[in-house]
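Subject: Structure handover and notes

Hello,

Please find the structure we talked about below. My notes on it come after.

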Amino acid sequence: MSPALLLLAALTSVAAAAHELDLLYPELELSRTIYVTEDGPRLSVDAEPLTVASRRGGNATLPCRIRMDQSLTPSRKMRIKWTKMTSDFLKEVDVFVAMDYHRRSYGSFHGRVHLQGSSPLDASLVITEITLEDYGRYKCEVIDGLEDGTVVVSLDLEGVVFPYSPRLGRYNLNFYEAERACRAQDAVVASFEQLHRAWRGKLDWCNAGWLSDGSVQYPITAPREPCGGRNTLPGVRNYGLRDKDKNRYDVFCFTSHYKGRFYYLIHPSKLTYDEAVAACQQDGAQIAKVGQMFAAWKLLGYDRCDAGWLADGSVRYPVSRPRRRCSPTEAAVRFAGFPDKKHKLYGVYCFKGQN
């Protein structure tokens, strides 16, 4: 049978079926449904690469490229909106919105973000003077009439993760106290991705600590009895999401590059804590924070075998070249505890920031 005859037979069958339906259900209103198929969206956005790396104090361009059907042209009412996703992915924080000649940046991003705008179809976002809090995932959303598209881009930071507990000892911080503790040490609460990367870099720590998503985890590279058991596999142990107010743990902090100078102050005598604070001030600096020591050690290779006071009242020293009588087995920031602040037994590490 020819194609024309096949089509005619099909139409005849459809008409007969419709007539029979009308006889069975005369009360139904006559209606017609039209189905329209399209090859795909007329507007979309994409990004390459999907992850951009930078550092604190640096700049970054988050890519977002608009792709439109040839039948469309960008209109003056096209809206470009950038938001930042919270670490638990439950909220989006406004970063930047643009429509025609109108531009607006929000919150901590005010004055630090703008569109790259290399072409009418370039919605890439430029972030300047990057902070530790800028780390995370960003969403680019483009709306033009009934057409829209979105893409998610990650901003990663070069830095270092370090475990932290206060003078009170282990497991004394709820989540909000953990946030304040990290900020006080020139850091922020680390994300799971940052902790996982540190674990792959051989970070091994048996005390569980808060992460930015509200979970509590700890990294183990050498399984042993006190840390989940000798017969378990290496990995990041996960306690899951915990009560941010009631549960108490340590915390994993993250910090990045700084603008300034970290150094051990050469002084003719050992110092009490108060004398250490005053000595740094007399040198035009401030007593250094734990995060600054870790950044200097990890990112700049700072090496010093002298134990010295830090701002939180702890005594530590950074070793990047293991040697006898000075962290002989591994490169590490060595921790001598929280001694009595009146003890005149230690030097001091100072930090002089750049304006």
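What follows is a summary of the chain, then its strands, two of its helices and one loop residue.

Please keep in mind that this is a predicted model.

Overall

The protein chain has 355 residues, of which 43% are buried. Its secondary structure comes to 5 helices and 23 strands. Of the contacts between residues at least 6 apart in sequence, 61% join residues at least 24 apart. The exposed surface of the protein chain is about 20,500 Å², and carbon and sulfur atoms supply 52% of that area.

The open sheet

One open sheet is built from 6 strands in the order 2-11-10-5-6-7, with mixed pairing. Its edges are strand 2 (51–54) and strand 7 (102–105), each of which pairs on one side only. From one strand to the next, the twist averages 20°.

At one edge, strand 7 pairs with strand 6 (residues 92–99) in the antiparallel sense, over 4 bridges. F96 has S105 in strand 7 as its bridge partner.

At the other edge, strand 2 runs parallel to strand 11, and 4 bridges join the two. Here S54 stands opposite L157 of strand 11. Strand 11 (residues 147–157) is mostly covered, with 8 of its 11 residues buried. Strand 11 is also joined to strand 10 (residues 136–144), by 9 bridges and in the antiparallel sense. V142 and G149 are bridge partners in that pair. Strand 10 and strand 11 form a hairpin with 2 residues between the strands, and G145 in this hairpin takes a positive phi near 65°.

Strand 17

How many residues of strand 17 (residues 250–256) are buried? The count is 7 of 7. D250, F252, F254 and S256 point one way from the strand, while V251, C253 and T255 point the other way; residues on both sides are buried.

Strand 17 pairs with several other strands:

- Strand 12 (residues 159–164) is antiparallel to strand 17, over 6 bridges; P163 stands opposite F252.
- Strand 13 (residues 188–189) is antiparallel to strand 17, over 2 bridges; V189 stands opposite C253.
- Strand 14 (residues 209–210) runs parallel to strand 17 and is joined to it by 2 bridges; G209 has D250 as its bridge partner.

N207

N207 lies in the loop between helix 3 (192–200) and strand 14. Is N207 buried or exposed? N207 counts as buried because its relative accessible area is 18%, and the cut-off for buried is under 20%. The side chain of N207 makes a polar contact of 3.2 Å with the side chain of R170. A polar contact of 3.5 Å joins the side chain of N207 to that of D250, a residue of strand 17 that is itself buried. Apart from its neighbours within four places in sequence, N207 is in contact with R170, Y171, Q217, Y218, D250 and F252.

Helix 3

In helix 3 the buried residues are Q194, L195 and A198. They line one face of the helix, because seen down the axis they fall within an arc of 100°. These buried residues pack against strand 12, strand 15 (215–220), strand 16 (235–241) and strand 17. After helix 3 comes K202, which has a positive phi near 85°.

Helix 4

Helix 4 (residues 273–282) has Y273, A276, A279 and C280 buried. These residues cover an arc of only 120° around the axis, so they sit on the same side of helix 4. That spacing fits the general pattern: an α-helix has 3.6 residues a turn, so residues three or four places apart point the same way. The exposed residues D274, Q281 and Q282 are on the face of helix 4 turned away from its buried side. The cover over the buried residues of helix 4 includes strand 19 (286–287), strand 20 (308–309) and strand 23 (347–353). Helix 4 is followed by G284, with a positive phi near 75°.

Regards

Conventions
Residues are numbered from 1 along each chain as its sequence is written. This is a predicted model: local features need pLDDT of at least 70, side-chain atom pairs count only at pLDDT 80 or more; totals for chains, interfaces and linings use all residues. Side-chain values use heavy atoms; hydrogens and water are left out. Buried means under 20% relative accessible area, exposed over 50%, partly exposed in between (1.4 Å probe, protein chains only). Contact means heavy atoms within 4.5 Å. Accessible areas come from the Shrake-Rupley method with a 1.4 Å probe; for residues, only the protein chains shown count as cover. Two strands pair if DSSP finds at least two bridges between them. Axes are lines fitted to C-alpha atoms, for helices over the stretch in contact, and angles run from 0 to 180 degrees between N-to-C directions. A polar contact is a pair of N or O atoms within 3.5 Å; within protein, one must be able to donate a hydrogen and the other to accept it, and residues adjacent in sequence count only if both atoms are side-chain atoms. The arc is that of the directions from the helix axis to the C-beta atoms.
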